[in-house]
Amino acid sequence: MKILLFGKNGQVGWELQRALAPLGDLIALDRRGERGLSGDLSNLDALAAMVRAVAPDVIVNAAAYTAVDRAEAEAGVAATINGAAPGVLAREAAARGAWLVHYSSDYVFDGSGDRPRDESSACSPLSVYGRTKLDGELAVVNGGAKHLIFRTSWIYAARGDNFARTMLRLAQERERLRVVADQVGAPTGAELIADVTAHALRMALRDPRLGGLYHLAAGGDTSWHGYAKHVIEWARERGRPIRVAPDAIEPIASSDYPAAARRPLNSRLDTERLRHRFDLVLPDWRDGVNRMLAETLGPPVET
Ligand code: NDP
């Protein structure tokens with residue numbers, strides 16, 4: 001089986017290189033491509049021709065325009081990469097009976113209320129990024145290929161920068177921190193997303209009726225403020241030189257932290273469909289965050 005992966009150096013793409021490797025022959029590309037194969041999602045004609053030339057059995061698209069604020073000023077580029085390219089991949093996959101795995105976002109919702117959204121909840125994005133991600137989902141469905149679309153939220157990975165590590169750095173430098181407390185969701189590890197993808201793909205290859213749209217997020221929920229506090233206390237308990245006092249991590253409203261793009265306040269995703277159909281457990285968000293911290297920060301500091 002030939003698997004073609006786009007976005008191999010992104011948070012999820014990196015973990016997918018590991019998780020998909022045992023499933024078949026993996027051709028993993030970043031934007032620059034390799035061996036004459038372009039992995040650039042912004043050149044739609046070249047993308048279609050490349051997929052035809054590779055003739056994969058499975059396409060996994062972990063590439064996306066993910067700069068949420070910048071997308072407000074670059075709507076055209078975001079629309080091509082997030083909205084149009086997934087449609088090209090879906091049509092090419094359909095033409096050869098291949099599967100397409102694609103990722104979408106909690107930002108397709110407006111975030112009103114406090115109930116978790118399920119796959120049938122109405123979408124109403126607040127930002128250019130959210131709209132383009134929704135367009136991408138529709139393009140995949142309309143492209144007619146067998147597909148798995150995973151909507152996920154608040155991704156972090158051990159590799160590269162992430163919110164947790166930024167908070168830790170600031171907590172070592174500053175005496176006070178202000179963190180948004182009115183956006184609620186589930187920090188979800190790229191590792192978990194990649195492992196669930198491999199598991200679900202394996203099952204769907206055997207039973208194509210499992211194709212469709214699924215919400216995929218770690219268990220439980222928290223705010224960015226709760227997430228920051230958790231990470232900082234974890235580090236403090238392990239002897240890290242944390243400067244900020246526990247009561248000096250101030251909860252603030254989104255309106256106190258202006259950004260170009262509006263974010264949903266309620267990013268809770270109902271994952272029942274995924275867990276039930278694929279017989280999965282999605283661990284609490286703290287499990288994955290603690291593991292990522294242990295991996296990236298190393299053992300406790302002896303005092
Ligand atoms: P990253 O931003 O870590 O990775 C995205 C990858 O896409 C990068 O490697 C980037 O390459 C690549 N890319 C950007 N533009 C192009 C292009 N024109 N052609 C080819 N590749 C390109 O994303 P994540 O791993 O965090 O996200 C994976 C998926 O999950 C995406 O679909 C995203 O929309 C979705 N998602 C993300 C969330 C998050 O919190 N990050 C939350 C919910 C959903 P380069 O580095 O060269 O720009």
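**Exercise 1. Find which side chain meets Arg32 in a salt bridge, and state whether each partner is buried or exposed.**

Step 1. A salt bridge needs a side-chain nitrogen of Lys or Arg within 4 Å of a carboxyl oxygen of Asp or Glu. Arg32 meets Asp30, at 2.8 Å from N to O.

Step 2. Apply the accessibility classes: buried is under 20% relative accessible area, exposed is over 50%, and partly exposed lies in between (1.4 Å probe, protein chains only). Arg32 has 67% and is exposed. Asp30 has 11% and is buried.

Step 3. Keep the source in mind. This is a predicted model: local features need pLDDT of at least 70, and side-chain atom pairs count only at pLDDT 80 or more, while totals for chains, interfaces and linings use all residues. Residues are numbered from 1 along each chain as its sequence is written, and side-chain values use heavy atoms, without hydrogens and water.

**Exercise 2. Work out which residue pairs with Asp110, and classify both.**

Step 1. The salt-bridge partner is Arg117, with the closest N and O atoms 3.0 Å apart.

Step 2. Asp110 is partly exposed at 30%. Arg117 is buried at 12%.

**Exercise 3. Locate the salt bridge of Glu250 in the chain.**

Step 1. Glu250 meets Arg178, at 3.8 Å from N to O.

Step 2. Strands are DSSP E runs of at least two residues, numbered from the N terminus. Glu250 lies in strand β12 (residues 249-252) and Arg178 in strand β7 (residues 177-180), 72 residues apart.

Step 3. Glu250 is partly exposed, at 31%.

Step 4. Elsewhere, shared partners join Lys8, Glu34 and Arg35 into one salt-bridge network. The count comes to 21 salt bridges.

Definitions and conventions
Helix = DSSP H or I, 4+ residues; strand = E, 2+ residues; numbered from the N terminus.
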